[in-house]
Amino acid sequence: MATMTSPTRVLQAADDTPFGLDAIVAALSNQFVLITGARQLVRRAKLDTFDRRLYSAGITLEHQIVSAGGRLVLGQADGSTVTVPAKAVRWPALVAALPAGSVRDTIAPVADIRALIASSDERRRLQLIELHNKDGKTVARVEVDEPASASANGSDSRVTVRTLRGYEPQAQRAVKILMGCGLRAVESSVEPEHKPLLPTAGTHRGEPASVLLTKALTDYLASMRENVPGLLDDIDTEFLHDFRVAVRRTRATLKLGRPSLPEVMRTRWEPAFKWLGDMTTPVRDLDVYELGLPTMASWLVSTNPKELEHFATHLRSRRTAQRRVLIHGLKSAKFRTLMAEWESELAQMVHPSADEDGEHLTAGGLADRGISRAYKRVARDGGAITEESPAEALHDLRKRCKELRYALEVCAPVIAKGPRKHAVANLKGLQDVLGRFQDSEVQRQALHGFAEEMMADGTPASAVLAMGELIGHLDADQERARHEFAGAFAIFAQPSNQQLMHRLGGK
């Protein structure tokens, strides 16, 4: 049952001095009539996705185990709470593990395909107190939350005041009374842990380009490392995706930085990260197909969507086999050595030697050169494409667009934020069309291969026919993307965007 309130206030002891329930009750009793509930021993797990999507959305979720059973407690941005019964769940788990109903409906669009992870798991004692006014109306609810262990200090305890809508002044009075008892306000008990993948800000245009590049590459290395445990445990598919994004951005940064980086980056490290990217590709491709099954099912008209269950089984079998190869690679001495030696390489880049090979570009100079060159390639190659151009021309242009996108991202600390965001938005429309064109062709070829494998395994003809319908849909979608290309490129190449890109490129 939901309780609608305004934002809650959380208080704790101003120092390590424990505060007692009796003192709280005595202080509040001077102004309110108190209805005190039974004290409960609770095991509570605070849940969120790895990248803190619930926190970012202003909501909280706890799985609480009490003597009467389990329950999920959802706290929403407006201060309302929803409590529903929930059986034991092993975390991490996908949203599908939550009981059907309002809690799942709220969490599902926020968490999406990310698993819910227990960020803390502790035993606490909870005491609920209702504050009534002289007319017997409930004006606020107070929750005293203390550690179950008697040895814990006062700072581990919390008092939460939940304000009922329409009674804000009375709740504020209760907060003031509690603060007069030596409690202080706590802004939040949850801190975001996920780090952004854009390079760390703080680089100046006049600094050496190696400073900008090292900061970006160091951030990407940190992202790779923080995603490896979840990838190995197969918590959700986004750990592999985010790992690959960091690898891909590392490769793009090394390519962008060639004019100012030592030759070893090209001869050793570019091939090393290509190996890493190639090793992770098969599992990620299979993840994309599995995640896309509901959408593919909606494409079917002449065949029953249930026929795709054979395809789903085939994908799971293939993924299991490919994950063994991936895990073997990630646990290999080669991978451990790569990560350790790459960290050492980055440490040396912070203080480059005076006689290192490579040009002595500034960060601003590298940004101007990289963005300008990447934009010119996109404009040149895109302008040369006609209706008669082969598919390879569009595939190559997609790669050029990626290079421009990465140049804008890596150089973000030394270019104007507003124009950069505008440029990325203009580029995104063209990338979307080229991505659909490329993905349709790759997926169509892959589905042909899957269908042949399934036939060899004795899959019913009806399931293979469903695969054929999917292939037909992809063929039509690629054709639509081809027709949309001219319009998307015209928008990208309009004079205002040309001027914007030239300005970002230092022209």
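The structure holds 1 cavity of 30 Å³ or more, and this briefing, which concerns a predicted model, starts from that cavity before turning to a pair of helices, two points in the backbone and the confidence of the prediction. The largest cavity has a volume of about 50 Å³, and its lining divides into 4 nonpolar, 1 polar and 5 charged residues. Across the protein chain the mean pLDDT is 89, although two stretches, residues 1–6 and residues 188–196, have pLDDT values below 50.

**The cavity and its lining**

- The residues that line the largest cavity are L231, D234, D236, T237, L240, V283, D287, R319, R323 and L326.
- Three helices, α6 (237–256), α7 (263–291) and α9 (308–330), each supply at least two residues of this lining, and the largest share, 3 residues, comes from α9.

**The helix pair α11 and α15**

- Helix α11, which covers residues 363–383, and helix α15, which covers residues 495–504, have axes that come within 8 Å and cross at roughly 150 degrees.
- Because angles over 145 degrees count as roughly antiparallel, α11 is roughly antiparallel to α15.
- On the side of α11 the contact is made by D368, I371 and Y375, while on the side of α15 the residues that take part are Q498, M501, H502 and L504.
- Sorted by class, the residues in the contact of α11 with α15 are 4 nonpolar, 2 polar and 1 charged.

**Two points in the backbone**

- W91 and P92 are joined by a cis peptide bond, for which omega is about 5 degrees, and P92 lies in the loop between β6 (81–85) and α3 (102–111).
- R52, a residue other than glycine, has a positive phi, near 60 degrees, and R52 is found in the loop that lies between β3 (40–48) and α2 (53–56).

**Confidence along the chain**

- In the protein chain, for which the mean pLDDT is 89, 90% of the residues reach a pLDDT of 70 or more.
- Over residues 1–6 the pLDDT is below 50, and in the model this stretch has 26 contacts beyond near neighbours in sequence.
- Over residues 188–196 the pLDDT likewise stays under 50, and for this stretch the model has 13 contacts beyond four places in sequence.

Key
Residues numbered from 1 in each chain as written. Predicted model: local features only at pLDDT ≥ 70, side-chain atom pairs only at ≥ 80, totals over all residues. Heavy atoms only, no water. pLDDT = per-residue confidence, 0-100. Contact = heavy atoms within 4.5 Å. 1 Å grid on protein atoms, 1.4 Å probe; cavity = no way out; pocket = protein on both sides within 12 Å on 5 of 7 lines; lining within 4 Å. Points joined across faces, edges and corners; volume = space filled by probe spheres on them. Helix = DSSP H or I, 4+ residues; strand = E, 2+ residues; numbered from the N terminus. Nonpolar A, V, L, I, M, F, W, Y, C, P; charged D, E, K, R; others polar. Axes fitted to C-alpha atoms, helices over the stretch in contact; angles between N-to-C directions. Parallel < 35°, antiparallel > 145°, perpendicular 65-115°, else oblique.
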